[in-house]
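Colleague: I'm new to this one and keep tripping over the vocabulary. Could you show it to me and let me ask why things are called what they are called?

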Amino acid sequence: MHATARAQPNIALVKYWGKRDLARNLPAVGSISITLEDLYTEMSVSFDAACAADVLVVNGREDPALLPRLSRCLDSVAGTKRSPARIESRSNFPIGAGLASSASAFAAVTVAASAAAGLERDRHALAALAGGASGSAARSLFDGFVELATGSDGISVSSVMPPDGWPLRVVIAVTAPGPKPIGSGAAMELSRKTSPFYRRWVDEQPRDIERAHAAVRERDFAALAAVAEHNCLKMHSLMWTSRPAVVYWNAVTLTCMETVRALRADGVPVFFTIDAGPQLKAVCEPQAEAEVSEALAAVPGVRDLLTTGLGRGARLVATA
Ligand code: DP6
């Protein structure tokens with residue numbers, strides 16, 4: 001009863017921010033993302049009746065921080081009468097810093113736990129379970145460009161374009177590697193309850209999804225850039241107008257944004273997006289990657305650059 005799964009994070013181009021149902025963790029809005037390739041999380045799960053309680057080992061060290069959420073996720077995947085589990089996690093990128101580590105972690109643990117419990121489930125069922133643990137994790141079950149649709153009866157996730165259909169590149173500028181001040185789940189609840197713009201955000205989302213969908217279908221980079229930056233800034237303006245305000249950016253994040261906008265004004269096919277953290281993700285056409293990397297590396301205060309293409313959804317890598 002042992003299984004290991006690997007999942008990559010995904011980055012939303014049309015963002016999920018806000019929940020319609022807290023208990024079921026159902027997003028209030030649909031979203032569109034790209035699944036990455038070169039950053040990954042591997043999760044091994046073994047159910048063992050001889051263990052006293054669930055244990056989590058992250059990159060070789062026992063780490064109780066994420067354990068309560070992971071235990072709840074295992075309950076939903078394998079049932080509350082399951083045996084205690086030993087969970088081992090390895091990631092090749094910083095966790096808890098706004099790089100979508102919870103998406104890859106919950107996608108991978110859902111796939112591994114389901115197999116370790118001897119249950120056969122299709123990708124859609126696994127995505128629904130992963131989404132119950134962390135909304136964005138549902139998208140990491142699928143390849144390339146992914147759409148998550150939401151309604152009162154649940155979510156439905158699908159791949160809208162495979163990774164090689166439009167092989168964009170992503171350059172991530174790490175501006176501060178530490179943990180974020182407030183988790184995205186708590187921050188989006190603050191926005192729902194207190195931002196005067198929240199209702200408008202929810203109402204406008206179908207239009208942004210439709211625009212992004214059309215841009216992907218037509219591989220129209222300028223159109224995708226326009227809707228992705230607009231949607232990202234709209235999400236951050238919800239955060240800023242929450243009470244208390246949630247501000248994830250730092251001065252370097254802002255300089256990186258200016259750098260990307262200046263490149264695009266010069267004709268370079270690149271746009272930015274930023275999630276619940278201070279890192280900037282620049283998405284570009286493959287021929288622009290070197291120029292984008294060089295420009296972001298030259299921004300004072302950028303600590304590291306991670307580059308990746310688009311990749312596959314979560315999958316099982318070992319069972320025993
Ligand atoms: C800004 O999926 O982390 O990255 O469902 O509470 O776990 P929970 O939230 P989470 O939120 C992701 C927010 C975001 C935007 C996105 O990925 O769409």
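Modeller: Here it is, and below we go through its sheets, its helix pairs and a few single residues.

Colleague: Before the names, what should I know about the model and its numbering?

Modeller: It's a predicted model, where local features need pLDDT of at least 70, side-chain atom pairs count only at pLDDT 80 or more, and totals for chains, interfaces and linings use all residues. Residues are numbered from 1 along each chain as its sequence is written, and side-chain values use heavy atoms, with hydrogens and water left out.

Colleague: What makes something a helix like H1 or a strand like S5 here?

Modeller: Both are DSSP runs numbered from the N terminus: helices are H or I with at least four residues, strands are E with at least two. Helix H1 covers residues 67–78, and strand S5 covers residues 31–35.

Colleague: How do you know that S5 and S10 pair?

Modeller: Two strands pair if DSSP finds at least two bridges between them. S5 and S10 (residues 145–151) have four bridges, in the antiparallel sense, so they count as paired under that rule. One of the bridges joins Ile34 to Phe145 in S10.

Colleague: And what about S10 and S11?

Modeller: S10 and S11 pair over seven bridges, again antiparallel, and Glu147 has Ser158 in S11 as its bridge partner. The two strands form a hairpin with two residues between them.

Colleague: Which sheet do those strands belong to, and why are S2 and S11 at its edges?

Modeller: They belong to an open four-strand sheet in the order S2-S5-S10-S11, with antiparallel pairing. S2 (10–14) and S11 (154–161) each have a single partner strand, so one side of each has no neighbour in the sheet. From one strand to the next, the twist averages 30 degrees.

Colleague: What is the pairing in the sheet of six strands?

Modeller: Mixed: that open sheet runs S8-S7-S9-S6-S1-S16. At its edges are S8 (61–62) and S16 (315–319), each pairing on one side only. Within the sheet, S7 (residues 55–58) and S9 pair in the parallel sense over four bridges, with Leu56 bridged to Ile87 in S9.

Colleague: Which strands do H1 and H2 lie across?

Modeller: H1 lies across S6, S7 and S9, at about 120 degrees to S9. H2 lies across S1, S6, S9 and S16, at about 30 degrees to S6. Axes are lines fitted to C-alpha atoms, for helices over the stretch in contact, and angles run from 0 to 180 degrees between N-to-C directions.

Colleague: Why are H1 and H2 called oblique?

Modeller: Their angle is about 40 degrees, with the axes 10 Å apart. Under 35 degrees counts as roughly parallel, over 145 as roughly antiparallel, 65 to 115 as roughly perpendicular, and the rest as oblique. H1 and H2 are therefore oblique to each other. The contact (heavy atoms within 4.5 Å) includes Leu70 and Cys73 of H1, and Phe106 and Val109 of H2.

Colleague: What about H2 and H3?

Modeller: The axes of H2 and H3 (residues 123–133) cross at roughly 130 degrees and come within 9 Å, which makes H2 oblique to H3. Among the residues in contact are Phe106 and Thr110 of H2, and Leu126 and Leu129 of H3. By class there are seven nonpolar, two polar and no charged residues. Ala, Val, Leu, Ile, Met, Phe, Trp, Tyr, Cys and Pro count as nonpolar, Asp, Glu, Lys and Arg as charged, and the others, Gly among them, as polar.

Colleague: How do you know that Arg90 and Glu42 form a salt bridge?

Modeller: A salt bridge needs a side-chain nitrogen of Lys or Arg within 4 Å of a carboxyl oxygen of Asp or Glu. Arg90 and Glu42 have N to O at 3.3 Å, so the pair qualifies. Arg90 lies in S9 (residues 85–91) and Glu42 in S6 (residues 41–47), so the bridge ties together parts 48 residues apart in sequence. The structure holds 17 salt bridges.

Colleague: What is the peptide bond from Arg243 to Pro244?

Modeller: That bond is cis, with omega near -5 degrees. Pro244 sits in the loop between H6 (221–240) and H7 (251–265). Most peptide bonds are trans.
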